[in-house]
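Work through the exercises below with the structure open beside you, and try each task before reading its solution.

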Amino acid sequence: MMTEEKYNFVKMFERSFKAHWEMPAVTDYGTDTTLTYGQLAINIEKLHILFKECGVKKNDKIAVMGKNNSNWVAVYLATITYGAIIVPILQDFRANDAIHIINHSGSKLLFISDINWEGIDLDQIPNVLAVVSLNDWHPISLALDPKKINYEAIARMFKEKHPEGYWAKDLHFDERSNEAIGSINYTSGTTGFSKGVITPLNALAGNIRYGLEAKLTFEGARHVTFLPLAHAYGCAFDFLACLAAGGHTYLIGRTPSPKILLKAFDEIKPTIILSVPLILEKIYKKMIVPQIQKPPVSWVLKVPFLDEVVCSKIREQLVQAFGGEFKQMIIGGAPLNPEVEAFLTRIKFPMSVGYGMTECAPLITFTPYDEGSKLYSCGKPLSGIMEVKIDEPNSEGIGEVVVRGENTMSGYYKNAQATKDCFTKDGWLRTGDLGMLDEDGYLFIKGRCKTMLLGASGQNIYPEEIEAKINNMPFVLESLVLQQEDNRLVALICPDYNEVDASGLTREQLDEYMEDARRQVNSELASYEQISIVKLYPHEFEKTPKKSIKRFLYTNMV
């Protein structure tokens, strides 16, 4: 447990707000809204008044659901610095999932975007005392006296409390131990099966500490925040670590398409970029693949020394596309396509892959780009913060990854059995991932324990590795490798219909191409891993908020 005051979660933000009072803290990208640290602190103080008027007590739960914006940030920080517990709900969750989370957590207040509120009735969340709009702070629904908690009333009470204004010297957050619960993050969008991860402030502080010590963020840093703040990855580094350091985060509330992001990168010129693999892979496929497939470039890339000139030009083009001023790009949340990673490593693109999970708020392993991360690895355990070992490794050293340290959760909310199942008898947290550690301590993830398949003779088959090969084939958007009852493997493929249409392929020709692709991929696989059948799927697979395919929805399709 980090007991030093400099690592106390609440005090880190109190110090940062006071030190950076006049500096920009958050911008709602695409609007004229930019708040300084002082203005954000004023919003937090007004929310504290609102909480008190609503009768919110220490450790009560407050839910927030909506797109990334400055009001979302204010609610999160106001909740924790008040002594309550924040319950972030991903804006992509369906209404019935959100209702389940609000009720299961016992949230007293709900801050929600107007569009997310459309699918919810107040009768469905009977314990909620007030619902407030994240769009403009107007009360959507109240079980309390509306004269007491409307925006004008709160503004009046704020002025009465601070008649001479509210300045850095007036800011003081109540003492709160890092042992206290900071948030409950629900891990799934499947009603009734979601688990609430109890995250102590110590775990949040551990991630911030690493971000500051590794200089992933710093005073004056610029972050483009397009990952959902309700997810642990974006929350920890694009928001919490950034503001604890005195950085400036630009919040993108729209769907992060490559077109929108590249425009934002060009305008903001971020100092660091956090991304999930899908975003980088789309940009790679759009910008890089067409270049390296052209005969002159593809030939030169095979010639020693000459290839370095081409690689340098491609790297510079890609760096400039991301704004040109970032120290490194950090990839996490899902496996990165090995071919993409290998090429980006070859051209010396400043990129590192990390590994984490919501239960660790989220970071477990990472090695900064300038410290020499290894190809296909997720880096080393965070020094002095996290430990990693492989539980019951096989002859190849592969087994379940188990972890312990500052960043680990306290357990699952109201779910003692799931908590018990998630920890080993000696206190290590089971990740559910298969991996191996090399002699230098670098972690390599092989796949999920639950998705690993067994060959006819008991061989281990990692479908994610096969899918990565399939996804590199032309005309393939994404794929899933599934197993039939007779043990044969089936590749469910969603074609890239834009490429198909642009090439003028007929359905018959597409079928023939996919069959050729199956044979080509099989030539790179062991006999027990080979694909027997290819089936085309008409549209993209349904995904989680971190853009991982919800595999369980498709297991019965073969």
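**Exercise 1. Describe how helix α10 and helix α11 cross, and classify the residues where they meet.**

Step 1. In this predicted model, the axes of helix α10, residues 258-268, and helix α11, residues 277-287, come within 10 Å of each other and cross at roughly 90°.

Step 2. Angles of 65 to 115 degrees count as roughly perpendicular, and therefore α10 is roughly perpendicular to α11.

Step 3. On the α10 side the contact is made by Pro258, Leu261 and Leu262, and on the α11 side by Ile279, Lys282, Ile283 and Met287.

Step 4. Sorted by class, the residues of this contact comprise six nonpolar, no polar and one charged.

**Exercise 2. Carry out the analysis for helix α8 and helix α9, giving the angle at which they pack and the residues that meet.**

Step 1. Helix α8 covers residues 201-213 and helix α9 covers residues 232-245, and the two pack at an angle of about 70° with their axes 9 Å apart.

Step 2. That angle makes α8 roughly perpendicular to α9.

Step 3. From α8, the residues Leu204, Asn207, Ile208, Gly211 and Leu212 meet Ala236, Phe237, Leu240, Ala241, Ala244 and Ala245 of α9.

Step 4. The residues of the contact between α8 and α9 fall into nine nonpolar, two polar and no charged.

**Exercise 3. Reconstruct the sheet that contains β1, and find which helices lie on it.**

Step 1. Four strands make up this open sheet, in the order β2-β1-β11-β10, and their pairing is mixed.

Step 2. The edges are taken by β2 (34-36) and β10 (222-225), each of which has a single partner strand, so that one side of each is left without a neighbour in the sheet.

Step 3. When direction is ignored, neighbouring strands of this sheet are turned by 15° against each other on average.

Step 4. Strand β1, residues 24-28, runs antiparallel to β2 and is joined to β2 by three bridges; within this pairing, Pro24 has Thr36 of β2 as its bridge partner.

Step 5. Helix α3 (residues 70-82) lies across β1, β2 and β11 (248-251), and runs at about 130° to β1.

Step 6. Helix α9 packs on the sheet as well, where α9 touches β1, β10 and β11, and the direction of α9 makes about 150° with that of β10.

**Exercise 4. Which strands stand at the edges of the sheet β17-β18-β20-β21, and how is β20 joined to β21?**

Step 1. The four strands form an open sheet in the order named, with antiparallel pairing.

Step 2. The strands at the edges are β17 (386-391) and β21 (443-448); each has a single partner strand, so one side of each has no neighbour in the sheet.

Step 3. Neighbouring strands here are turned against each other by 50° on average, direction ignored.

Step 4. Strand β20, residues 429-437, is antiparallel to β21, and five bridges join the two. In this pairing Leu437 stands opposite Leu443 of β21.

**Exercise 5. Where do the residues that line the two largest cavities come from, and to which classes do they belong?**

Step 1. The structure holds five cavities of 30 Å³ or more, and the largest contains about 170 Å³ of space.

Step 2. The residues lining the largest cavity include Asn43, Lys46, Trp137 and Tyr151. The elements that give two or more residues to this lining are α2 (37-53) and α7 (151-161), and α2 provides the largest share, four residues.

Step 3. By class, the lining of the largest cavity has eight nonpolar, two polar and one charged residue.

Step 4. The second largest cavity has a volume of about 80 Å³, and among the residues that line it are Tyr76, Ser183, Leu204 and Thr358.

Step 5. To this second lining, β8 (181-186) and α9 each supply at least two residues, with the largest share, four residues, coming from α9.

Step 6. The lining of the second largest cavity divides into eight nonpolar, four polar and no charged residues.

Terms used: Residues numbered from 1 in each chain as written. Predicted model: local features only at pLDDT ≥ 70, side-chain atom pairs only at ≥ 80, totals over all residues. Heavy atoms only, no water. Axes fitted to C-alpha atoms, helices over the stretch in contact; angles between N-to-C directions. Parallel < 35°, antiparallel > 145°, perpendicular 65-115°, else oblique. Contact = heavy atoms within 4.5 Å. Nonpolar A, V, L, I, M, F, W, Y, C, P; charged D, E, K, R; others polar. Pairing = 2+ DSSP bridges. 1 Å grid on protein atoms, 1.4 Å probe; cavity = no way out; pocket = protein on both sides within 12 Å on 5 of 7 lines; lining within 4 Å. Points joined across faces, edges and corners; volume = space filled by probe spheres on them.
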